[in-house]
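This report describes selected features of one protein chain. The sequence and the structure are shown first, and the description follows.

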Amino acid sequence: MRMKSTTKMKIFVVVSLLIACAGMVLLGNVSQGFQNWDTAEWSLKKVNPDNLYQQLDFADTDGKLENGADGITVTIDDENVLKVNGTAQTEKVVVVGTTTLKQATDYVFGSNLTNGTNKTIYLRLVNNSTNAVLATCYNGATVISADNLAADTVVRLEIYIAEEATINNLVLRPVICTGAASDEFVSFYK
């Protein structure tokens with residue numbers, strides 16, 4: 001037996017209303033009952049407070065770390081996500097910012113960079129006073145052993161870009177966190 005079109009329409013309306021109500025309940029839970037109308041608080045993703053990268057003393061000026069000189073532009077947004085674009089006319093080192101690594105503490109350093117052995121762009125942590133490279137990140141995560149930190153050490157995070165490297169809208173989310181193994185690497189967002 002076939003259903004009448006009016007019955008089908010009634011079922012459709014009831015199901016639509018149930019879905020709309022479920023969506024409103026979900027939105028109400030996410031926004032803490034609509035009490036906080038600040039849309040930044042509604043965000044489902046937030047930067048991870050365990051990511052020490054967020055505590056860097058950033059070198060940006062108005063959201064730009066590199067302004068397009070020599071073909072490369074590096075910007076930083078409100079969540080400290082880095083965006084790299086352009087073709088490098090010369091070898092470039094862009095300083096992102098500085099932070100202090102604590103004495104006798106293991107750290108894990110890395111990002112979402114996935115260029116593998118193609119070393120045209122990578123991140124590195126450099127001892128600010130001796131210019132010694134403590135860690136280089138081509139992809140994945142690397143460990144900075146506590147043995148390399150005999151004292152509190154100010155380090156700078158740098159982006160290295162090889163001459164003539166072409167980078168098309170690369171998004172970088174660096175992570176620096178405490179940990180003795182790369183599997184202790186935390187995510188950029190919590």
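Does Val13 count as buried, partly exposed or exposed, and why? Val13 counts as partly exposed because its relative accessibility is 39%; buried means under 20% relative accessible area, exposed over 50%, and partly exposed in between (1.4 Å probe, protein chains only).

The structure is a predicted model, in which local features need pLDDT of at least 70 and side-chain atom pairs count only at pLDDT 80 or more, while totals for chains, interfaces and linings use all residues. Residues are numbered from 1 along each chain as its sequence is written, and side-chain values use heavy atoms, with hydrogens and water left out.

**Confidence**

The mean pLDDT of the chain is 86, and 87% of the residues score at least 70; pLDDT is the predictor's confidence in each residue, from 0 to 100. Among the elements of the chain, H1 has the lowest mean pLDDT, 79, and strand S10 (residues 153–161) has the highest, 96. Helices (H or I, at least four residues) and strands (E, at least two) are DSSP runs, numbered from the N terminus. Where pLDDT is low, the predicted coordinates should not be read in detail.

**Helix H1 and its surroundings**

Val13 is located in helix H1, which covers residues 5–30.

**The sheet**

An open sheet is formed by three antiparallel strands in the order S9-S6-S12. Strand S9 (139–144) and strand S12 (175–178) are at the edges with a single partner strand each, so one side of each has no neighbour in the sheet. On average, neighbouring strands of this sheet are turned by 20 degrees against each other, direction ignored; axes are lines fitted to C-alpha atoms, for helices over the stretch in contact, and angles run from 0 to 180 degrees between N-to-C directions. Strand S6 (residues 107–114) is joined to S12 by four bridges, and the two run antiparallel; two strands pair if DSSP finds at least two bridges between them. Tyr107 stands opposite Thr178 in S12.

**Two loop residues with positive phi**

Asp70 has a positive phi although it is not a glycine, and Asn80 likewise has a positive phi without being a glycine. The table lists their values.

| Residue | Phi | Loop | Relative accessibility |
|---|---|---|---|
| Asp70 | about 60 degrees | between strand S2 (64–67) and strand S3 (72–76) | 32%, partly exposed |
| Asn80 | about 65 degrees | between S3 and strand S4 (82–87) | 15%, buried |
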